Amino acid sequence: MATTEGELARAGIVIDDTTVTFTRALEVSEDLIVQGSLSVGNDVAITGDLKVLGVITGTVQSKYCLQMKIEDVSSAVSLGSCVVPSFGGGSITKIWTVLQGDIGASGGSIATHINGADISAANEHDVVIANSAVAGDVDSATVASGTHTVAAGDCIMVHPSDTGTNAVALQVVVEITQA
Amino acid sequence: MLARQGFRTKRDRVVLNKNVYVEADVTPAIAKSLVAHDVTINGGLEVTVGTIQQVITPFKDFALTVQDIELDVPKIFYLVFPATCFIVAARYSITGEGAGHTTGCILTFSDPFVGIPAWGHIDIPAPADTVQLTGSYVFGTSYHAGDIWFRQVMVSQVRTVICNGLGAGDGHVDLTLECQTTL
């Protein structure tokens, strides 16, 4: 028999034989330890640690990275590529490059493709490398989450869309955000 | 009455021994609150609205690799890191070609903005004929006291792996740096 009236009910706590239901926001002033399952109809904010021994269900946002290498930034056909792994679906949110040598007088741009299609219709997501950039210089491009999605098995490919002067290598790191 | 309804009280806590359903937000109290403390759930966690975001450390543990390091070619490899992290280990695999090689090389780990110190380094043995060797170096637990400078990395920062090129033969090394966003 649920408590539908009285002090507890007025406080927003409804209790029946198996369930305690809080119909209002719940404030926990110490640690919360749940021996069973926790079902929350809205957001949870935790700045400490969250330890779940069972399964987390819902939309989990996390990030991981894929790494590629362009052997020759002076060649438009020098490609770096990788395949999105199982359970790796998400969207490209950032692309970093780091030069392995001095690029020379002319810099360059690095385009990113998903399954052969350039994600930058107007080069807006290309990574631009400045003229005379030197070894170790880092450049990046940011992509809005959800704009360019990838699924497991998709091919991500990078190549110089605008070639630099010197035949130096480039490390490329692509951030995938899953949400 | 409360005990019959599933509440138990201890000196420092209230124990709810039934399933707890929260139909509204779980919000922080002013002081010690859910926001400030750990949550342990022995079952599962289901969030039906919004996303589960790791605000502090959005990255899972990850790895960066340097491939085809030639033992007999001096070279600097630059690595950019996509998250603030700690490099916890370097693992290598050598594929050697040809017999009789007796000389390996040294890979030095460096922060390029501080110079090329003899901080962390890994001794790569000479490759044996057609034998693939593997090994590892765990940062922070060995004799290389300066490891920490290489090990702690902020997002978008660069670290270098420097091959001294003093190895002999055609051995190639693939190196994997294991990174953790928290220790």
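**Figure 1. Chain A: burial and make-up.** Of the 179 residues in chain A of this predicted model, 34% count as buried. Chain A contains one helix and 15 strands. Among its contacts with a separation of 6 or more, 76% involve residues 24 or more positions apart.

**Figure 2. Chain B, for comparison.** Here the chain has 183 residues, of which 31% count as buried. Its secondary structure comes to one helix and 14 strands. For contacts with a separation of 6 or more in chain B, residues 24 or more positions apart supply 79%.

**Figure 3. Strand 14 of chain A and two of its pairings.** Strand 14 of chain A covers residues 155–162 and runs antiparallel to strand 7 (residues 80–83), with four bridges joining the two. To find your way along this pairing, look for Cys82(A), whose bridge partner in strand 14 is Ile156(A). Strand 14 also pairs with strand 9 of chain A (residues 108–114), again in the antiparallel sense, over six bridges. A handy landmark there is Ser109(A), which stands opposite Asp162(A) of strand 14. As a reminder, strands of a sheet pair through backbone hydrogen bonds, either parallel or antiparallel.

**Figure 4. An open sheet of four strands in chain B.** The strands follow the order 7-13-9-10, and their pairing is antiparallel. Strand 7 (75–80) and strand 10 (121–124) are the edge strands of this sheet, each pairing on one side only. From one strand to the next, the twist averages 20 degrees. Six bridges connect strand 7 to strand 13 (residues 158–163), and the two run antiparallel. Within this pairing, Lys75(B) has Cys163(B) of strand 13 as its bridge partner.

**Figure 5. Asp123(B) on an edge strand.** This residue is found in strand 10 of chain B, one of the edge strands of the sheet in Figure 4. Is Asp123(B) buried or exposed? Asp123(B) counts as exposed, because there are 10 C-beta neighbours inside 10 Å. Leaving aside residues up to four places away in sequence, Asp123(B) touches Gly104(B) and Ile106(B). A further distance to check in the view is the one to Thr108(B), 15 residues apart from Asp123(B) along the chain: their C-alpha atoms are separated by 8.8 Å.

**Figure 6. The largest nonpolar core.** This core has 60 residues, and those with the most contacts inside it are Leu99(A), Val172(A), Val174(A), Leu79(B) and Leu175(B). Val174(A) is a good place to zoom in: not counting residues up to four places away in sequence, Val174(A) touches Cys65(A), Leu66(A), Ile92(A), Ile95(A) and Ile156(A). Ile156(A) will be familiar from Figure 3 as the bridge partner of Cys82(A). In soluble globular proteins, nonpolar side chains tend to be buried together.

**Figure 7. Two loop residues of chain A with positive phi.** Asn123(A) is not a glycine, although its phi is positive, at about 60 degrees. Asn123(A) sits in the loop between strand 10 (117–118) and strand 11 (127–129) of chain A. With 13 other C-beta atoms within 10 Å, Asn123(A) is partly exposed. Ser132(A), also a residue other than glycine, has a positive phi near 65 degrees. The loop that holds Ser132(A) lies between strand 11 and strand 12 (138–142) of chain A. Ser132(A) is partly exposed too, with 14 other C-beta atoms within 10 Å.

Terms used. Residues are numbered from 1 along each chain as its sequence is written. Chains are lettered from A and ligands numbered from 1 in the order in which they are written. This is a predicted model: local features need pLDDT of at least 70, side-chain atom pairs count only at pLDDT 80 or more; totals for chains, interfaces and linings use all residues. A residue is buried if 20 or more other C-beta atoms lie within 10 Å of its own, exposed if 12 or fewer, and partly exposed in between; C-beta atoms are placed from the backbone. Two residues are in contact if their C-beta atoms, placed from the backbone, lie within 7 Å. Two strands pair if DSSP finds at least two bridges between them. Axes are lines fitted to C-alpha atoms, for helices over the stretch in contact, and angles run from 0 to 180 degrees between N-to-C directions. A nonpolar core is a set of buried Ala, Val, Leu, Ile, Met, Phe, Trp, Tyr and Cys residues joined through C-beta atoms within 7 Å.
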